[in-house]
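Here are my comments on the model you sent. They are set out as numbered points, to be read beside the coordinates.

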Protein chains: 2
Amino acid sequence: MVSQAVTRQSVDFSKWYNEIVYKADLAAHSPVRGTIIIKPYGYEIWDGIKNALDKRFKATGHQNAYFPLFIPESYLRREAEHVEGFSPELAVVTHAGGKQLEEPLVVRPTSETIIGEAFSEWIQSYRDLPLLINQWANVVRWELRTRPFLRTSEFLWQEGHTAHVDEADAERETLQMLDIYADVAVHEAAIPVIQGRKSNIERFAGALRTYTIEAMMRDKRALQSGTSHNLGQNFARAFNIQYLDENNEQKLCWTTSWGLSTRMVGAVVMAHGDDTGLRLPPRLAPIQVVIVPIFRSEDERGPVMDAGSRLNAALSDAGIRVKLDTREGLRPGFKFNDWEMRGVPVRLEIGPKDVENEVAVLARRDLPGKEGKQTVSQANIAAVTLELLDDIQANLLSQAAAFRDANIFDVRSYDELKQVIDEGGWARGWWGGSDDDERRVKDETGATIRCFPFEQPGGSGSCLLTAGPASQVALFARAY
Amino acid sequence: MVSQAVTRQSVDFSKWYNEIVYKADLAAHSPVRGTIIIKPYGYEIWDGIKNALDKRFKATGHQNAYFPLFIPESYLRREAEHVEGFSPELAVVTHAGGKQLEEPLVVRPTSETIIGEAFSEWIQSYRDLPLLINQWANVVRWELRTRPFLRTSEFLWQEGHTAHVDEADAERETLQMLDIYADVAVHEAAIPVIQGRKSNIERFAGALRTYTIEAMMRDKRALQSGTSHNLGQNFARAFNIQYLDENNEQKLCWTTSWGLSTRMVGAVVMAHGDDTGLRLPPRLAPIQVVIVPIFRSEDERGPVMDAGSRLNAALSDAGIRVKLDTREGLRPGFKFNDWEMRGVPVRLEIGPKDVENEVAVLARRDLPGKEGKQTVSQANIAAVTLELLDDIQANLLSQAAAFRDANIFDVRSYDELKQVIDEGGWARGWWGGSDDDERRVKDETGATIRCFPFEQPGGSGSCLLTAGPASQVALFARAY
């Protein structure tokens, strides 16, 4: 196992990303075009995100269910915008069981249609509402340009689907779920996302309103990291999702959907990584502490390994995900680099002198060199390490927040916007333009409206492009 | 919501099963042929099985990963028996992204081939072994005759895939995973499965040896509930999975695979259910205790609901999955029937007199009528209920074991076997027949060799069919 150097971020961020994903063992190349194999180290990060979300979904009254992978092609056609949005990306099963199918089956790109059909059968009266369902599933979107985790032909995600009596309740749900996404991003992934509403042209195909959490990567590109849609009555109309209200009148439901995917693993990589490799937030790190034993002779080996095992047990008993690196034939320096590249938050070094003095050295991944090192009594190891992990989690978040804030600029004119975007930043300014105006900005600068942030300055201003009246500021950036 | 009576098991077991699956809300009909929608009540049972397995997989050193849904058609052809076994059941994607694919993609029926290809790249030396991977996934097998949970075109499962240095280690792994399946079946699902080895003709397509856990349903049919395969070097040869041993010699790996699916939800239904409906083992029951408040007037309502809420909180705090049935306009008797049908292990009744006396009535689902009822002080409610849940779990297991043992008969001749099978039992007898002999028994009686049980009488006997020498007994039964 030879740990190779990684391309520096400043040299080629995109190359850095592709290299680190495979070198850090998050994913492996797959023989199927546009897909990856998610390896255990990457899958565990996803599992951490999944558990954090699932707990919050259940605490807010949602239940998990599972719907078929295959959707009759005709279902997708029932909602006009929806089919237009997804048609170019569909994978289609035409043969099964040795025969041609009468109606081709689409491999789900998302499940609004098949779940809408089910909801129309399950919902009878207002007593059945709200209906709050979530699904953990794989979906397929045949993308032309793919990148590991960020955009792959198949990916894992959750998709929530809910039905409500009125617009207010649907809107409340849509925003609640966006809040949950932001909470997981901020407190688990240490990514300070910005919440806001998508513009018309960036809306989900078939939605009334789409809300998003947007994250800034280390190359200052934006990554849409989760979206929540108020679908209005569009799908209820297309699939006839009706209920009898308290006055025995037949009414159309209001529905929502919301999804967060394995793309979030890519967000963790690109929001925190540095030239040395990954920097994983402790709450999602598959390995929070790695113990590297240091010895030069067989005589030293025994006592050092014994101490390593004891510390391993002490940390594990405290609920810390710890690994004792027992690999033979590798120098400590090689192991240090290897685990740094893989982003383990804390390295514990233990050598003969440390054994003698009943101490160990803790080194932080987020603070390089001496600054991040401390010598700790073995007796206190668990308590000190737990606190250290909290510190690192908080530090990654504040570093990312500082980086984000330093790279968002208020702009008053199109020239200012162009300059900010050219220099790789995010531009925030009053916007009152049309869909076409927005498309023009995209064509000319490569930047899109990431969102109209919930945090608004208040009042009104004049549109940075048209100088016409504007009631809200928009956030522009180049995005993945 | 009208709770309808269920067809009695003795009248038509198959109809009972189909009715109860939908009435108890485990599943819903799906518009896609041969598939079901797994509803929250059914999904939570699966989640319980999943968590129980996942914990055990990790404790034995396995890690989760995720491989692509689509497999190039050519991969399946590399292992001759494997492609022959699965070809008739494949669903094939021929178009994607608006174009015809150059090579059709098969929707995975199982993942030995694509994982074999990956393993061949990941494994270099003996240091990489054993490689112990598990995947939680959906798979598709285009079955002609389908039944909810038992056999559907798409189902959820886990599939373990491992590679080893030699046959002994692969065999140890294969048996270890079967043991884990049996442990989960017995201790979580309360199903006393029989472990054994499959005959040649019931082996997995491409395996050297297949092991199985076999369960007896309430109609005495057998249900294969999980299988573990020693794949020998068949897939290693087909996919070139090699390693350098300690002497620097290139060797072929030995691989295994093992799977358990949502079929297990069907096993829980059919192993424990009775004429009234489901009887869920407490460890897997989504709702372990349902609280039904009983009152006749608005005056009684307040104190009873208050007590119900307090008891709900007390049980929930003790880690019990409890639900307070607050539905209005339904009589207690209706609610009793409804929750019995849905198999909730314990019903807690609370009325005005109980409130006065600070007691509650606990009724067991597994013991009908007065026998299963007890009045309990509210102060002790959590402790008593926890113990009661353990009792119910144990009782369901011992009832199922007694039922199984009462319906397995030792047979010495083919006539005896035919009689036992005709009467719906399982027949156990010495077997030394050929594959063709086994097929003859199947054609003539409908019974197959479920397994050669690990528990053998020892010594030898004469084959029940051919009267030739036999070194082991086989278990024959009609099966799902």
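**Notes on the predicted model**

1. Asn240(A) sits in the loop that links helix H7 (234–239) to strand E12 (242–244) of chain A. This is a predicted model, and in it Asn240(A) has a positive phi of about 60 degrees although the residue is not a glycine. Most residues other than glycine have a negative phi. With 15 C-beta neighbours inside 10 Å, Asn240(A) is classed as partly exposed.

2. Lys220(A) is another non-glycine residue with a positive phi, near 70 degrees. Its place is the loop between strand E10 (209–216) and E11 of chain A. Lys220(A) has 19 other C-beta atoms within 10 Å, and is therefore partly exposed; the cut-off for a buried residue is 20 or more. A positive phi, of about 70 degrees, also occurs at Asp25(A), just after H1(A).

3. The peptide bond from Leu129(A) to Pro130(A) is cis, with omega near -5 degrees. In chain B, the bond from Leu129(B) to Pro130(B) is cis as well, with omega near -5 degrees. Pro130(A) belongs to the loop between helix H5 (112–122) and strand E7 (131–140) of chain A, and Pro130(B) to the loop between helix H5 (112–122) and strand E7 (131–140) of chain B.

4. How are the two chains related? A turn of 180 degrees with a shift of 0.0 Å along the axis lays chain A on chain B with an RMSD of 0.0 Å. The two copies are thus related as by a two-fold rotation axis. In chain A, Val93(A) has the C-alpha nearest the axis, 2.1 Å from it. The same surface serves both copies, as 100% of the contact residues of chain A recur in chain B.

5. Chain A is divided into domain 1 (13–272), domain 2 (289–389) and domain 3 (408–477). Taken over C-alpha atoms, the centres of domain 2 of chain A and domain 3 of chain A are separated by 49 Å.

6. An open sheet of 11 strands in chain A has the order E3-E7-E8-E14-E11-E10-E9-E22-E25-E21-E20, with mixed pairing. Its edge strands, each paired on one side only, are strand E3 (63–64) and strand E20 (408–410) of chain A. Within chain A, strand E11 (residues 222–230) and strand E14 (residues 254–261) pair in the antiparallel sense over 4 bridges, and Ser228(A) stands opposite Trp258(A) in E14(A).

7. Which residues of E14(B) point one way and which the other? Trp254(B), Thr256(B), Trp258(B) and Leu260(B) point one way, while Thr255(B), Ser257(B), Gly259(B) and Ser261(B) point the other way. With 8 of the 8 residues of strand E14 (residues 254–261) of chain B buried, the strand is largely enclosed by the rest of the structure. Strand E8 (residues 154–164) of chain B runs antiparallel to E14(B) and is joined to it by 8 bridges; His161(B) has Ser257(B) as its bridge partner.

8. In helix H1 (residues 13–23) of chain A, the buried residues are Trp16(A), Tyr17(A), Ile20(A) and Val21(A). Seen down the axis of H1(A), the buried residues fall within an arc of 125 degrees, so they line one face of the helix. Their cover includes strand E1 (27–29) and helix H8 (263–272) of chain A.

9. The largest nonpolar core has 286 residues, of which Phe476(A) and Phe476(B) touch the most other members. Leaving aside residues up to four places away in sequence, the contacts of Phe476(A) include Leu417(A), Ile421(A), Trp426(A) and Val441(A).

Note on methods:
Residues numbered from 1 in each chain as written. Chains lettered and ligands numbered in written order. Predicted model: local features only at pLDDT ≥ 70, side-chain atom pairs only at ≥ 80, totals over all residues. Domains from an automatic or database assignment. Core = buried A, V, L, I, M, F, W, Y, C linked by C-beta atoms within 7 Å. Buried ≥ 20, exposed ≤ 12 C-beta atoms within 10 Å, placed from the backbone. Contact = placed C-beta atoms within 7 Å. Least-squares fit on C-alpha atoms with pLDDT ≥ 70 in both. Helix = DSSP H or I, 4+ residues; strand = E, 2+ residues; numbered from the N terminus. Arc of directions from axis to C-beta. Pairing = 2+ DSSP bridges.
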